[in-house]
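Thanks for sending this one over. Here are a few notes to read alongside the structure.

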Amino acid sequence: MHTQLEQVTHIDNVRLGEDEKSVVIIDQTQLPNRTVYLTLRTAEEMYDAIKLLRVRGAPAIGICAAYSIYALARQWGLADYPAFAERFHERKEYLNSSRPTAVNLSWALARMESVVSAGAGKPVAEVLDLLGAECRAIHEEDIAMCRAISEYGLSLIKDGDGVLTHCNAGPLATSRYGTALGPLFLGRERGMNFRVFSDETRPLLQGARLTSYELQRAGIDVTLICDNMASIVMKNGWVQACFVGCDRVAANGDAANKIGTSGVAILARHYGIPFYVLGPTSTIDLSCPDGDHIPIELREPDEIREMWYAEPVALRSVKCYNPAFDVTDHTLISGIVTEKGICRAPYTESLAALFDGKK
């Protein structure tokens, strides 16, 4: 019988359909009140699932994209390699355009396309089998990465600490333990207790709907706070560390994460609280020199004006600026926790060392 904690940390949030021509996801837009599984069969359904945040979290997006392009390729019935490769590239580019900031999306799709490129001259049926093995490997590697990140992250906190987090970087956003939340789940498994303050994360409320949901179900002490309450809980001495995930890390250590993260880092610096970014090496983009070169996704104004409300809270004529992410300057980051270890400043050196100086 699975424990309550195992049911949370081992949630089956993204998987390949049994027919291998579809992808099954938990619709995260329905949580926490309803657990709804969606079966994605068309390229448009897969694109929308990523674009509309039915699947979200950089690692989960990458896993979903890899399964999706494989499932589509299984549907085509093409035996001619050039036609297959051309169709694959078109669908890959289409899925890649769904969200621009999270590097895991392009990373996973490029990794799948490299299998097709390497398969030139082979029967398409063999290439399909290789693609199936590759997308499963991407998922399995993420499970191992999350466990390793959790181990390294747990070394940064002690029993009884208060931890503040922003957005959601738990099992729903990744696989198994998660990244930013992983150390908390792993510590709980080992009998440790933490007090977690979860920012609601406006305007889509991932902290309220998802982080507090995961932690509560796992039996971890969690307190939901509005985003503008982070300062007072820090001032009160209730926070000993900040753990956040990331969607892209530039070569100099600047890190893009959900909008509001950079404000948390600024507050943490003011109150002398260490601020850690946790994510797999697949989110590190050494080709991107700094945060100014990270594309920031702009989303629809209605997410601010009327989502979650019975009536709009602002006139439709009111302009809205709705960036999905912001960039935390590397000077505010105490450490970047990866599956290969904890990187410290200067990040241009420590991040490059993870790849032996090359990506």
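**Notes on the predicted model**

1. Let's start with the overall make-up: the chain contains twelve helices and 14 strands. Its radius of gyration is 20 Å, close to the 21 Å that the globule rule gives for 359 residues, so the chain is as compact as a globular protein of that length. Please keep in mind that this is a predicted model.

2. On overall dimensions, the C-alpha trace spans about 65 × 50 × 50 Å along its principal axes. Of the 359 residues, 55% count as buried.

3. How do the contacts spread along the sequence? Taking contacts between residues at least 6 apart in sequence, 76% join residues at least 24 apart.

4. For the surface, the chain exposes about 14900 Å², and carbon and sulfur atoms supply 52% of that area. As for charge, there are 36 positive and 45 negative side chains. The centres of these two sets lie 2 Å apart.

5. One sheet you may like to look at is an open one of four strands, in the order β11-β8-β9-β12, with mixed pairing. The edges are taken by β11 (284–285) and β12 (325–328); each has a single partner strand, so one side of each is left without a neighbour in the sheet.

6. A closer view of one pairing in that sheet: in which sense do β9 and β12 pair? Strand β9 (residues 255–258) runs antiparallel to β12, and the two are joined over four bridges. Within this pair, A256 stands opposite V327 of β12. As a reminder, strands of a sheet pair through backbone hydrogen bonds, either parallel or antiparallel.

Notes:
Residues are numbered from 1 along each chain as its sequence is written. This is a predicted model: local features need pLDDT of at least 70, side-chain atom pairs count only at pLDDT 80 or more; totals for chains, interfaces and linings use all residues. Side-chain values use heavy atoms; hydrogens and water are left out. The radius of gyration is taken over C-alpha atoms; the globule rule is 2.2 Å times the number of residues to the power 0.38. Buried means under 20% relative accessible area, exposed over 50%, partly exposed in between (1.4 Å probe, protein chains only). Contact means heavy atoms within 4.5 Å. Accessible areas come from the Shrake-Rupley method with a 1.4 Å probe; for residues, only the protein chains shown count as cover. Lys and Arg count as positive and Asp and Glu as negative; His and the chain ends are not counted. The place of a charge is taken as NZ of Lys, CZ of Arg, CG of Asp or CD of Glu. Two strands pair if DSSP finds at least two bridges between them.
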